[in-house]
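The report below describes selected strand pairings in one chain and then the relation between the two copies.

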Number of protein chains: 2
Amino acid sequence: FASSSPMDVTPRKYTDFPFVSAPHRNLMVDLVSTMENRLHSQLKPCVVPSDVQYYYTPNRDSHGSLYIRSGHTSSQVDFVLGSWIHCKLPTGGALNISSLSAYLNASTDAPNFLIELIQNSPTSLVFLLDLPPRKDLVLHPEYLQTFYENTRLESLRQTLEKLPEVQPYYSSALYIRCLTSPTSIMIRINTEGGGAGRMEEIIKDHVDPVAKEVLGIWLEQCACGHRTVDEEGKAYLERRDGLIKNKTIEIDIGSSFPRLFGPDIAGRVLEVIREVYNG
Amino acid sequence: FASSSPMDVTPRKYTDFPFVSAPHRNLMVDLVSTMENRLHSQLKPCVVPSDVQYYYTPNRDSHGSLYIRSGHTSSQVDFVLGSWIHCKLPTGGALNISSLSAYLNASTDAPNFLIELIQNSPTSLVFLLDLPPRKDLVLHPEYLQTFYENTRLESLRQTLEKLPEVQPYYSSALYIRCLTSPTSIMIRINTEGGGAGRMEEIIKDHVDPVAKEVLGIWLEQCACGHRTVDEEGKAYLERRDGLIKNKTIEIDIGSSFPRLFGPDIAGRVLEVIREVYNG
């Protein structure tokens, strides 16, 4: 894809997922369309500048896409953020990261949604899927019960945990670990024995249905459920949500993006993310 | 040990750990004595009634011990609580649980200490070791940095994770999962292939040194370190610590104890625990 001729870079958009396997792409495309169909009238169109909706390095080694749709004032959705990157690795392989997240605003305290697939080879996948809580679960057991104990999230986590190719994944950043729910799926899938075919099979038969069920739970019970939040609760959510976004940029994208795309592109992309993060 | 003659039940105390392997017993005895030597003058003597310091079922199938030392008013230590139980299983084997925990009071917000070894066969061990945080780490990244990032806790966690016999352990109670730090060690060690000898080796060579290092970190930086807590902070800690203790009794010991020891013994033991939990 990273052609030698400077002229023929095909323009790409977020929902193309042009560099990943069919099951990986199909999963992401289905999730985006399910989310957009359900939230439909609640979301504004994507107004991300075209050179951030799709961007690539001058040598064409790294490509990326950012997609953001903010919620209307009447919606509980703050914004939906989708992203993929594709970066050639010095080893000859490539790093592909696809993600889709949805943040709710302070009119509800219901959990957010997050999915991320990180592949640095056709036989290795880090898979993150969670409804990150927006309150301290230790102090709010009734919140834990509503969103995590009374849903199927734990049994969905267990179905993936049981696969022999699955190992737990620990983010190297301790702060990122603190953001997850007790039913979060944070796993590393390794199919070196079975090859790329086995990885595609696992994504299609196991990752795909679990991700769709979790998104379904989030859409029904979080994005479209009703919660009462008083003024004090709103202030708490705004403080907590804001802190998380700032720390996440600092730890996660803030350090890796400049390394992968250089300071100019990284600056452009991060500015758009910061803008939507800060409302 | 559970002799057929009803007369010859040798009286046992907490530090005897009479039913477990030598490396398991040595580890627990060393931890208790290290903790007591370091905290020495801060701790009151154990005043647990003798029929709770050591208790057993009428048929001698289940034995247990509880050991509690409260901190003096001038100490940052609320109390130290040690316990072991030994229960014959219908399968012919036995369940052995050894634990030692230490709770700080609201004059400091530093983490508590917890170690627990759960063996339901000589080749299977669930090992829990953590400094459970006393604040929401998401809202307090500087607290995360002080106690978890700036210490060796993560590298200690990783040394055990690397052993081929080690798998992650998930408590079936989601609330219990929420109480742990991001560097908590919650693992299941299985040595079916290598037998009981390999388990004893792992406890001696791997579990033992890691547990001692973690206790050392806790003693220096938590129990004997200095933290400033204002009145609002104290009220928060008291509320959070209290809620955790109540939920833990309800979920963990409150349901398993009556099942293992019958309602009378369980009532006696739980009353003593509730008393120290409620200050």
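## Strand pairing around S3(B)

Tyr67(B) has Gly82(B) as its bridge partner in S3(B). The strand to which this partner belongs, S3 of chain B, spans residues 77-88, strands being DSSP runs of E with at least two residues, numbered from the N terminus. S3(B) pairs with strand S2 (residues 62-70) of chain B in the antiparallel sense over nine bridges, where two strands count as paired if DSSP finds at least two bridges between them. The connection from S2(B) to S3(B) is a hairpin of six residues.

S3(B) also runs antiparallel to strand S4 (residues 94-104) of chain B, to which eleven bridges join it, and here Cys87(B) has Leu95(B) as its bridge partner in S4(B). The hairpin of S3(B) and S4(B) has five residues between the strands, and in it Gly92(B) takes a positive phi near 105°.

## Burial of S3(B)

Ten of the twelve residues of S3(B) are buried, and the strand is thus mostly covered; buried means under 20% relative accessible area, calculated with a 1.4 Å probe on protein chains only.

## Relation of the two chains

A turn of 180° with a shift of 0.0 Å along the axis lays chain A on chain B with an RMSD of 0.0 Å, the superposition being by least squares on the C-alpha atoms of residues with pLDDT of at least 70 in both copies. The two copies are therefore related as by a two-fold rotation axis. Within chain A, the C-alpha of Asp136(A) is the nearest to this axis, at 3.0 Å. The same surface serves both copies, with 100% of the contact residues of chain A recurring in chain B, contact meaning heavy atoms within 4.5 Å.

## Basis of the model

This is a predicted model, in which local features need pLDDT of at least 70 and side-chain atom pairs count only at pLDDT 80 or more, whereas totals for chains, interfaces and linings use all residues. Residues are numbered from 1 along each chain as its sequence is written, chains are lettered from A and ligands numbered from 1 in the order in which they are written, and side-chain values use heavy atoms, with hydrogens and water left out.

Methods
Buried < 20%, exposed > 50% of the residue type's maximum accessible area, 1.4 Å probe, protein only. Helix = DSSP H or I, 4+ residues; strand = E, 2+ residues; numbered from the N terminus.
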